[in-house]
Amino acid sequence: MLLLLLLLSATAVVQSEPVSGQLKNGACECPVNSSIWLFPAAKYEAALQLVQTCGDSLEVLQAKVRLSIQRLPHFQALVRNLTARLEIYQYLTDKGLFSVLDLDRLGQEFQKLETDVITIHTERNTALTRKLSKEVSKLRIDIERLHTSDIINMKTVKEKMRHLKNRAESCRSIPNDFTSHCFKGLINNISTPVTSRVSPNGKGYPGSWGKQAQRNSPAERDSYWVQPLTASSAWGANMYLYPSYEDFMSATKVQNFPIAPVTNHANSIEGPSGVLYGDAFYYHCYRSADVCRYNLTSKTVTRVTLPGTGVGFNNKFPYCYYECHGYSDVDVEADETGLWAIYATLGNHGNIVVSRLVWYGEVLNVTQTWETTLFKKAVSSAFMACGVLYATRYVDEYREEVFYAFDTVSGREDNSLALPLQKVAKGVTSLSYNPTDKQIYMYNNGYLLAYQAQFSSSS
C-alpha cells in the first residue's frame, strides 16, 4: 500500500487557480471548484496495474535467482573439472608452443627444409631424393593454402613437415658401413640378465655403467666403467674404469678419472647420461644443453650444444612414466653407427629428439637430427641400437617393457613392441646398448645388470 501511495503521489499533478471573491456581510466569499480534489480513480487503476506487473516480474526474477543458486554448484564443479583437465596443457600457451596461426614461422621452417632437400637432391640425385622433392612441392601448396584459407589443418601440415624433415635427415651422410653392421631388423628378444652385481660404489647412488662401446677401439678395448651421481642423486664428477671384466667383477685395479673438480662445476656430469667411446667419455654437461667429451689421455673437455628450440635440461624433460628419474634430460648413447644424444625440446612439444654426434678433427659436432612423436616423460628410459631408437615403460616392480621403436633410416615409428626386461628393483636409472657384445646395460637401483639382445635377422 505504501508503494501505491508513493506512486499516486509521484503521478499526481499539483494545480493552482486564481479565484475571485466578493465581500458579503463582512466576509469574503469565493466560489471553489472542488473537482480538483476528487479521487484520481484512473490514475489509481494505472498505478495498481503497474504494481501488479512489477510484482509478476519480481516473482519471475526471484524464480530465476533460485534456479541459478541451485545450478551454480554444478557449473562451478564443471569449471573446476575443465580447469584441472586443461591445466596440464597450460605450458603450451605459456611457452608459445601452440601458435597455430604463426604462419611466418612455419614458412621459415619450410624454406629451410626445402633448401636442405634441394641440396641433398643435387648431391645425390636418387629415386629417393626425387620422391622427396615431389612431396616437398606438394607440402608447399598446402602451406600456400594456409595463407589464403583455413581449410588445411595446421597440425596436419606440421606433422607432414616433421616426417619430411626426418626423411631428409635419413638421406644425409649415413656411414658407408651402416648396412654391414645394422641390417638386422628390430630387436625381437631380450634375455634374462647375464651379468648381475651391486655397484662398487654401493646402492646409495644412482648412475650409469657399461663397457667400451667403440668397435676395434685401440684404447681401453675390454674395459668397463661405472659413473655414480654422488651429489643430490643428480650430479657427479668422477668416472671409475676397470681394465677387464674380471677386474670389474672383483672391483680391483680401478682407475678414477676426476672429470671435474667438484660436482657443480661447468664440466661436471648431469644425470645418468654417460658412455665410454674410444679414448673419451661422453656425457651431459652440468646445467646446460651441451654434450661434453672428456679425453681420458689429455684430461680435457670439449662440448657441443644440442640443436632445437628450448632443449630440455635441469630436470625439464627427464625420463618418467611410473616416476621421474631426476635430471635424465639428455641421454648420450652409442651403437654400431656411432654416438647419439636422446633428449626433448619445447619446439617438439616435449617429444623425443634424436641427434647424431660425430667427433672429427678435434671438434665435436651434431650432424643429423630427427624428431619423434613420443613424449619423453611417458618413457622410463631409451637406448639406440643399429640406428633405431628403442623406448621402455614401467610394467611393475620387477619388469620393464620395450614398447616403441623409431628407425632413423626410414623415419618410421612402431609402438607395437612388447619386449620384457627383468629387474631386481623398481627404479631404472639408465639403460644403454653396447654394439661390441650386443648387450643392454641397466643401472637398476644400484644393481648393475646386462642382457643379451637378439635381432629378427642376424648378420
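Here are a few questions and answers about strand β25 and some aromatic contacts in this predicted model.

Colleague: How many residues of strand β25 are buried?

Modeller: Take the two sides in turn. Gln-439, Tyr-441 and Tyr-443 point one way, Ile-440, Met-442 and Asn-444 point the other way, and all are buried. So the strand is largely enclosed by the rest of the structure, and the count is 6 of the 6.

Colleague: Which residue of β26 stands opposite Met-442?

Modeller: β25 and β26 (residues 447-455) run antiparallel, with 6 bridges between them. Their hairpin has 2 residues between the strands, and Asn-445 has a positive phi near 50° there. Across from Met-442 in β26 you'll find Leu-449.

Colleague: And on the β24 side, what is the bridge partner of Asn-434 in β25?

Modeller: β24 (residues 430-434) is antiparallel to β25, joined by 5 bridges. The hairpin leaves 4 residues between these strands, including Lys-438 with a positive phi of about 55°. Asn-434 has as its partner Gln-439.

Colleague: Is the ring pair of Phe-383 and Tyr-390 stacked or tilted?

Modeller: Both residues are buried. Their ring centres lie 5.3 Å apart. Planes under 30 degrees apart count as stacked, and these are at 15°, so the pair is stacked.

Colleague: Which residue lies over the face of Phe-248?

Modeller: Phe-248 belongs to a cluster linked by ring pairs, with Trp-209, Tyr-224, Tyr-242, Tyr-245 and Tyr-441 as the other members. At 5.3 Å from the ring centre of Phe-248 sits Arg-197.

Conventions:
Residues numbered from 1 in each chain as written. Predicted model: local features only at pLDDT ≥ 70, side-chain atom pairs only at ≥ 80, totals over all residues. Heavy atoms only, no water. Buried < 20%, exposed > 50% of the residue type's maximum accessible area, 1.4 Å probe, protein only. Pairing = 2+ DSSP bridges. Phe/Tyr/Trp six-rings, centres within 6.5 Å; stacked < 30°, edge-to-face > 60°. Lys NZ or Arg CZ within 6 Å of the ring centre and 35° of its normal.
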